[in-house]
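Trainee: Please take one part of this model and look at it closely. Then place it among the rest of the chain.

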Amino acid sequence: MTDDRVGLGVDIHRLVEGRPLILGGVAIPSERGLLGHSDADVLTHALCDALLGAAGLGDIGTHYPDTEERFRDISSLRLLEDTVAKLRGSGFGVVNVDATLIAERPKLTPHFPAMRARLAAVLGIEPERVSLKATTSEALGALGRGEGIAAWAVCLIRRA
Ligand SMILES: [Zn+2]
């Protein structure tokens, strides 16, 4: 019997001056970057939460707490790598992921090919199985004022 699981991940980080903007493990030219204990890669965090959720393994805050010094400024790709290892430990492999970033600026779509390639390598799947999309908040609310970036992600995992 096929044992498939879906998972959902949502994350949001504040945009501030003096930080690099890292999304999907890729540094994106921007006057501001996301604030957080790690590199604050909101997309990769949402993916981690989706994968952990699908496997019933809790959430990113439980596994990689922002109170721990060893996670300070860490590349979130390392957290994703560890998440994938936890899934494999439970017998699961990733089938595909799909994510939407909500950001007023900068324009993200030109960076999608690099982000998909980087995430796919860590997830152990082909880039065509890593879907990325971007939208704005139509100038509504905090995200619409460009105060932060949010990410939603879903995934499908399968027990081998
Ligand atoms: Zn986060």
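Mentor: What follows starts with one helix and then works outward from it.

This is a predicted model, in which local features need pLDDT of at least 70 and side-chain atom pairs count only at pLDDT 80 or more, while totals for chains, interfaces and linings use all residues. Residues are numbered from 1 along each chain as its sequence is written, and side-chain values use heavy atoms, with hydrogens and water left out.

The helix is α3, residues 76-89. Helices here are DSSP runs of H or I with at least four residues, strands are runs of E with at least two, and both are numbered from the N terminus. With 14 residues, α3 reaches 20 Å from its first C-alpha to its last, close to the expected 20 Å at 1.5 Å a residue; that expected span is 1.5 Å times one less than the number of residues.

Which residues of α3 are buried? They are Ser 76, Leu 77, Leu 79, Leu 80, Thr 83, Val 84 and Leu 87. These residues lie on the same side of α3, because they cover an arc of only 155° around the axis. The arc is taken from the directions that run from the helix axis to the C-beta atoms. Buried means under 20% relative accessible area, exposed means over 50%, and partly exposed is in between, with a 1.4 Å probe and protein chains only. On the other side of α3, Arg 88 and Gly 89 are exposed.

The buried residues of α3 pack against four elements: α1 (42-54), β5 (92-102), α4 (112-123) and β7. Contact means heavy atoms within 4.5 Å. Just after α3, Gly 91 has a positive phi of about 90°.

Next come the two sides of β7, one of the partners of α3. Val 154 lies in this strand and counts as partly exposed because its relative accessibility is 38%. Together with Leu 8, Val 10 and Trp 152, Val 154 forms a nonpolar patch on the surface, with about 360 Å² of accessible area. The elements that give two or more residues to the patch are β1 (3-17) and β7 (148-159). Patches are made of residues with over 30% relative accessible area and no salt bridge; like charges are joined within 9 Å, and nonpolar side chains (Val, Leu, Ile, Met, Phe, Trp, Tyr) within 5 Å. Accessible areas come from the Shrake-Rupley method with a 1.4 Å probe, and for residues only the protein chains shown count as cover.

Strands β7 and β1 are also tied by charge. Arg 159 and Asp 3 meet in a salt bridge, 3.0 Å from N to O. This pair links distant parts of the chain, with Arg 159 in β7 and Asp 3 in β1, 156 residues apart. A salt bridge is a side-chain nitrogen of Lys or Arg within 4 Å of a carboxyl oxygen of Asp or Glu. Asp 3 also pairs with Arg 5, their closest N and O atoms being 2.8 Å apart, and Asp 3, Arg 5 and Arg 159 are linked in a network of salt bridges. Asp 3 counts as buried because its relative accessibility is 18%, whereas Arg 5 is partly exposed at 28% and Arg 159 is partly exposed at 36%.

A search of the whole structure finds 11 salt bridges. One of them joins Arg 19 and Asp 73, with the closest N and O atoms 3.4 Å apart. Arg 19 sits in the loop between β1 and β2 (21-23), Asp 73 in the loop between α2 (60-63) and α3, and 54 residues separate the two.

Helix α2 contains Ile 60, which counts as buried because its relative accessibility is 16%. Apart from neighbours within four places in sequence, Ile 60 is in contact with His 45, Cys 48, Asp 49, Leu 52 and Pro 65.

Some backbone details in the loops remain. Most residues other than glycine have a negative phi, and most peptide bonds are trans. Ala 40, in the loop between β4 (32-34) and α1, has a positive phi near 60°. Ala 40 is buried, with a relative accessible area of 0%. Glu 138 also has a positive phi, about 55°, but is exposed at 64%; Glu 138 lies in the loop between β6 (130-135) and α5 (141-144). A cis peptide bond with omega of about -5° joins Arg 105 and Pro 106, and Pro 106 lies in the loop between β5 and α4.
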